[in-house]
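Here are my notes on the model, point by point. Have the coordinates open while you read.

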Amino acid sequence: MILGIFRALRPKQWVKNSFCLAPLIFARRADDSDAVLEAAVVVVAFSLLASAVYLTNDVIDRHRDRAHPVKKNRPIASGVVGVPLALVVSVFLGAGALLLAARQSMTVLAVLGGYLVLNVAYTFWLKHLVIVDLFAIAIGFVLRVIAGAEAIEVSTSQWILTCTLFVSLLLAASKRRSEVELQGSEGGTRQVLSRYSVRYLDLIITVVTAGAILSYALYTMSPATAEHLGTTNLIYTLPFVIFAVFRYVYLVFERSEGESPFELLVGDGPMMANIVAYVVVTMLVVYAP
């Protein structure tokens, strides 16, 4: 039972909340212990709230999930975790997340509250609306970056927010593409899939891929970025970003592995090596004397 509850929290998905740490790194606050603690708290808060949302969503979708070749094995859909227990745990996790956010500031609380409202709307309505469902997913990532910035009281670059939007749209569109390939255009367990085609999603992926790379490149070359960091060397991190995007698109197109984006990211050796190299180089550039 305990293992089933833990699986239902989808701990592998917590890696998404690393987006909250972007402001900490690029604001040059990673060497500030107080800022690191506040950023860590907001990561924990988002993890708790996301898990609360997953539990509730799985309760609502349990009947449809039983018809899915993979989702049928989820703890709630398979009956390992009962509906009443899942809802109780969801309420406790959600309350804990909001209390942590309130401890930081009312602004952080408002951002997490907005994330909660967005996900409730997604569960009951937005996920059935073509294109809107992609933006609903993407905005969740943008809110993570904003919360991370508010937690350490720094402003975020508009280019970083734009890049986050494009990257998250890439993840969302790739997920839909893999779902369409797996379940077919008739929609399977997700109604909105009947309104998408692989060809159309490929077009979206092409556009947002270009947008993600271009917006990050513009951020690295921005005079404001150079002034803030005291260096123009952030441009040398661009090849790692390009490789990451190209590798991800390769895995989605050639191996149809986009249905679980973050499991794909952490499970692919070349991708993980590239991410580690990117973090190391970025830290050297941002924090070099």
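What pLDDT does the protein average, and what share of the residues score at least 70?

1. Confidence. Keep in mind that this is a predicted model. The average pLDDT over the protein is 88, and 96% of the residues reach at least 70. Broken down by element, helix H8 (residues 132-151) has the highest mean, at 95, while H13 has the lowest, at 73. As a general caution, predicted coordinates should not be read in detail where pLDDT is low.

2. Aromatic pairs. The ring-pair count comes to seven. Take Phe 26 with Tyr 219: the ring centres are 5.7 Å apart and the planes stand at 90 degrees, so this one is edge-to-face. Phe 26 belongs to helix H2 (residues 22-26) and Tyr 219 to helix H10 (residues 198-221), so the pair ties together parts that are 193 residues apart in sequence. Both partners are out of the solvent by the numbers: Phe 26 is buried at 13% relative accessible area, and Tyr 219 is buried at 5%.

3. A stacked pair to set beside that one. Tyr 196 and Tyr 200 are stacked, with 6.3 Å from centre to centre and 15 degrees between the planes. Here the burial is split: Tyr 196 is buried, with a relative accessible area of 2%, whereas Tyr 200 comes out as partly exposed at 31%.

4. The ring cluster. Phe 26 and Tyr 219 turn up again here, since ring pairs link them with Tyr 216 and Tyr 278 into a cluster. Elsewhere, a ring has a charge for company: the charged end of Arg 144 sits over the ring of Phe 141, 5.0 Å from the ring centre.

5. Helix H12. This helix covers residues 238-255, which makes 18 residues. From first C-alpha to last, H12 reaches 25 Å, close to the 26 Å expected at 1.5 Å a residue. Its buried residues are Leu 238, Val 241, Val 245, Arg 247, Tyr 248, Val 249, Leu 251 and Val 252. Note the arginine in that list: Arg 247 is buried along with the others. The cover over the buried residues of H12 includes helix H9 (158-183), H10, helix H13 (261-267) and helix H14 (269-287). One caveat on that cover is that H13 is the element with the lowest mean pLDDT.

6. Pro 75. You'll find this proline in helix H5 (residues 75-78), and Pro 75 is buried, with a relative accessible area of 4%. Leaving aside residues up to four places away in sequence, Pro 75 touches Gly 4, Arg 7, Ala 8, Val 80 and Val 81. Arg 62 is 13 residues from Pro 75 in sequence, and their C-alpha atoms are 9.5 Å apart in space.

7. Cysteines. How many disulfides does the structure hold? The answer is zero. The closest cysteine sulfur to that of Cys 20 is in Cys 163, 16 Å away, which is too far for a bond. Seen from the other side, Cys 163 is in no disulfide either, and the nearest cysteine sulfur is that of Cys 20. Both residues are buried: Cys 20 has a relative accessible area of 0%, and Cys 163 has 10%.

Definitions and conventions. Residues are numbered from 1 along each chain as its sequence is written. This is a predicted model: local features need pLDDT of at least 70, side-chain atom pairs count only at pLDDT 80 or more; totals for chains, interfaces and linings use all residues. Side-chain values use heavy atoms; hydrogens and water are left out. Rings of Phe, Tyr and Trp (its six-membered ring) pair if their centres lie within 6.5 Å; planes under 30 degrees apart count as stacked, over 60 as edge-to-face and the rest as tilted. Helices (H or I, at least four residues) and strands (E, at least two) are DSSP runs, numbered from the N terminus. Buried means under 20% relative accessible area, exposed over 50%, partly exposed in between (1.4 Å probe, protein chains only). A charge sits over a ring if NZ of Lys or CZ of Arg is within 6 Å of the ring centre and within 35 degrees of the ring normal. The expected span of a helix is 1.5 Å times one less than its number of residues. Contact means heavy atoms within 4.5 Å. A disulfide is a pair of cysteine sulfur atoms within 2.5 Å. pLDDT is the predictor's confidence in each residue, from 0 to 100.
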